[in-house]
Every structure is written in structure tokens, then in C-alpha cells.
Amino acid sequence: MPAVLSPATAALARDLADLCVRRGLICATAESCTGGLLGAALTSLAGSSRFYAGGVVAYANEVKSALLGVPGDMLAAHGAVSRPVAEAMALGVRRATGADVGLSTTGVAGPDGGSAAKPVGTVWIGWSLGGESRAELFRFDGGRDAVRAAAVRQALEILRVVLRGPSD
């Protein structure tokens with residue numbers, strides 16, 4: 001991914017930042033397949049400390065468990081690229097940072113590592129807010145950089161929609 005955000009991703013990050021500031025919310029990120037790109041998108045904005053606590057890049061399962069509290073039996077049963085793990089990562093980063101909102105990415109960016117059940121481009125994006133944690137499955141096309149960039153854009157969009165709520 002280029003060092004400079006695409007205009008669409010930059011606009012999403014700005015919108016999300018504005019929503020967090022208006023609602024008085026602090027967010028944090030837990031990333032696997034995006035490797036810190038989501039946090040980088042949020043911290044590319046001046047004043048990001050007003051809405052962003054920080055993030056954990058948890059590529060290894062051991063880090064997911066040790067820093068984010070993802071249970072080892074969950075990882076063994078479902079694999080790192082799964083709904084329960086994405087949800088646990090989002091909740092875990094909230095707990096680790098004291099943030100109000102957690103946002104997570106876990107997936108197969110490629111070019112290797114895919115399987116019939118989880119092909120390259122498979123990404124789970126999770127979020128946690130209040131007493132709720134959820135995750136959605138996406139399949140992105142393209143090479144490694146394209147999958148990672150698409151996951152960042154989609155994660156920002158998901159959280160933006162969640163924070164807007166039904167009346168916004």
C-alpha cells in the first residue's frame with residue numbers, strides 16, 4: 001500500500017474521526033492481515049489522539065492470545081481467520097487500551113496461505129462497542145496490497161456505519 005492514502009480511504013478516516021469526536025468516543029485497532037495499515041490511516045489525521053488510543057498488530061496467534069486475550073481453544077477450533085476471533089480481537093483491544101470502540105481485521109492477504117474454505121482475499125472485520133461485538137466476512141480481489149487496502153477501507157466504512165446508527 002502506498003504511504004499516501006487513497007482519497008476514498010482518507011475521506012472515510014476523516015468521517016470516522018469526526019463521528020468519534022462528536023460522540024466522545026475513543027477507538028483502538030487490532031490488526032492481523034492489515035499489519036498496522038488501519039492504525040496508520042487513522043493516525044494520518046492531525047489530532048488523531050483525540051479519538052484514537054492505539055493499536056495492536058497481532059500477526060501471530062500467540063500475540064492474539066497474549067495481548068488481546070483471544071482464547072487458544074477458540075483459535076484452535078475456528079482458526080485465526082474467523083468470526084469469533086475477529087470479534088474477540090475487537091473486544092480484546094478495547095480491554096487492552098481502555099478504548100470505547102474496537103476495530104479488528106484478520107484474513108488471508110496472500111499470495112499464499114489460502115485454502116478452499118478460506119481463499120486468498122478472505123477477511124473478517126470485527127467491531128466492539130458497548131456490550132456488543134460483531135464481525136462480517138468479506139472476499140476481496142487482487143494481490144496482497146489490494147486486499148489489505150480494501151480491508152482498511154471496508155473496516156473504516158463498517159465502523160462509520162455502526163457509529164452513525166439508524167438515525168444518522
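## Helix α1 and what covers it

Contact here means that heavy atoms lie within 4.5 Å of one another. In this predicted model, the elements that cover the buried residues of α1 include β1 (27-31), α2 and α6. The buried residues themselves are Thr-9, Ala-10, Leu-12, Ala-13, Leu-16, Ala-17, Leu-19 and Cys-20.

The length of α1 can be checked against expectation: at 1.5 Å a residue, its 17 residues should span 24 Å, and because the C-alpha atoms at its ends are 24 Å apart, the two values agree. Just after this helix comes Gly-24, which takes a positive phi of about 70°.

## The nonpolar cores

The largest nonpolar core holds 36 residues, and within this core Phe-51, Leu-156 and Leu-163 touch the most other members. At least two residues apiece come from α1 (7-23), α2 (37-43), β3 (101-107), β4 (122-129) and α6 (144-164), with α6 giving the most, namely nine residues.

When residues up to four places away in sequence are not counted, Phe-51 touches Ala-17, Cys-20, Val-21, Leu-25, Ile-26, Cys-27, Leu-42 and Leu-45. Apart from the largest core lies another, made up of 13 residues, among them Ala-28, Val-56, Ala-88 and Ala-99. Of the residues that Phe-51 touches, Ala-17 and Cys-20 are also listed among the buried residues of α1.

## Cysteines

The structure holds zero disulfides. For Cys-27, the nearest cysteine sulfur is that of Cys-20, at 4.5 Å; a disulfide requires a pair of cysteine sulfur atoms within 2.5 Å, so this pair does not count as one. Cys-27 has a relative accessibility of 1% and therefore counts as buried.

Cys-33 is likewise in no disulfide, and the nearest cysteine sulfur to its own, that of Cys-27, is 17 Å away. The relative accessible area of Cys-33 is 1%, so this residue is buried, the cut-off for that class being under 20%.

## An exposed position on α5

Arg-95 lies in helix α5, which runs over residues 83-97. With a relative accessible area of 66%, Arg-95 is exposed, because that class begins over 50%. Along the chain, Arg-95 and Ala-151 are 56 residues apart, and their C-alpha atoms are separated by 23 Å.

Notes
Residues numbered from 1 in each chain as written. Predicted model: local features only at pLDDT ≥ 70, side-chain atom pairs only at ≥ 80, totals over all residues. Heavy atoms only, no water. Core = buried A, V, L, I, M, F, W, Y, C linked by side-chain atoms within 4.5 Å. Buried < 20%, exposed > 50% of the residue type's maximum accessible area, 1.4 Å probe, protein only. Helix = DSSP H or I, 4+ residues; strand = E, 2+ residues; numbered from the N terminus. Expected span 1.5 Å × (residues − 1).
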